[in-house]
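I sat down with a coffee and a new model to see what I could look up in it. Here are my notes, in the order I made them.

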Amino acid sequence: MKPMRATEAEQPEIFDAIRRELPAIHSASHKMGKQLRGLSDIGQKKAIAELMTYWVMAVYPEDLQLQLSLAEAIRDQAEIDLTEASRVKAQQH
């Protein structure tokens, strides 16, 4: 099931929070990425999946359906980020 994507007009507070926190988001993800050095590509994938799992379970400790929905939303966000990165890279060339 493909999650619904909120537009900026529909969820301005989400978009505002992301814009405001973007430098800290980039910094935190860069630091976390450094911790993965030395692991194989398979080990890195598993570590990232475990981190996401622990966080999702902490957000919705008693509701598997909400856990699965949030995990799907995270996957969808990764697709958005990859698509945008590819678009930016193509524009730079």
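**Entry 1: a first residue.** At 28% relative accessibility, how does isoleucine 74 count: buried, partly exposed or exposed? Before answering, I remind myself that this is a predicted model. I looked up isoleucine 74 and found its place in helix H3. Isoleucine 74 counts as partly exposed, because 28% is neither under the 20% that marks buried nor over the 50% that marks exposed.

I then asked which residues isoleucine 74 touches beyond four places in sequence. My list reads Met52, Trp55 and Val56. Methionine 52 is 22 residues from isoleucine 74 in sequence, yet the two C-alpha atoms are 8.6 Å apart in space.

**Entry 2: the whole chain.** Next I stepped back to the overall picture. I counted three helices and zero strands, so my sketch of the order from the N terminus simply reads α-α-α. The C-alpha trace spans about 35 × 35 × 25 Å along its principal axes. Of the 93 residues, 5% count as buried. I noted an accessible surface of about 8000 Å², with 62% of that belonging to carbon and sulfur atoms.

For contacts with a separation of 6 or more, I found that 27% come from residues 24 or more positions apart. I also looked at charge: there are 12 positive and 14 negative charges, and their mean positions lie 9 Å apart.

**Entry 3: helix H3.** Does the end-to-end distance of helix H3 agree or disagree with its expected span? Helix H3 covers residues 64–92, and its 29 residues should span 42 Å at 1.5 Å a residue. The end C-alpha atoms are 42 Å apart, which agrees.

At the start of H3 I spotted a side-chain oxygen of aspartate 63 reaching to within 3.1 Å of the backbone nitrogen of glutamine 65. Which residues of H3 are buried? I wrote down Gln67, Leu70 and Asp76. Helix H2 (41–59) is included in what covers the buried residues of H3.

**Entry 4: glutamine 67.** I picked one of those buried residues for a closer look. Glutamine 67 lies in helix H3 and counts as buried because its relative accessibility is 11%, with the cut-off for buried being under 20%. Leaving aside neighbours within four places in sequence, glutamine 67 is in contact with Val56, Met57, Tyr60 and Pro61. Val56 was familiar to me, since isoleucine 74 also touches Val56.

**Entry 5: proline 61.** My last stop was a contact of glutamine 67, namely Pro61. Where is proline 61 found? I located proline 61 in the loop between H2 and H3. At 54% relative accessibility, proline 61 counts as exposed, whereas glutamine 67 counts as buried at 11%. I also checked proline 61 against alanine 90: they are 29 residues apart in sequence, and their C-alpha atoms are 41 Å apart in space.

Definitions and conventions
Residues numbered from 1 in each chain as written. Predicted model: local features only at pLDDT ≥ 70, side-chain atom pairs only at ≥ 80, totals over all residues. Heavy atoms only, no water. Helix = DSSP H or I, 4+ residues; strand = E, 2+ residues; numbered from the N terminus. Expected span 1.5 Å × (residues − 1). Buried < 20%, exposed > 50% of the residue type's maximum accessible area, 1.4 Å probe, protein only. Contact = heavy atoms within 4.5 Å. Polar contact = N/O pair within 3.5 Å; in protein donor to acceptor, adjacent residues only side chain to side chain. Areas by Shrake-Rupley, 256 points an atom, 1.4 Å probe, with all protein chains shown as cover. Lys, Arg positive; Asp, Glu negative; His and termini not counted. Charge placed at Lys NZ, Arg CZ, Asp CG, Glu CD.
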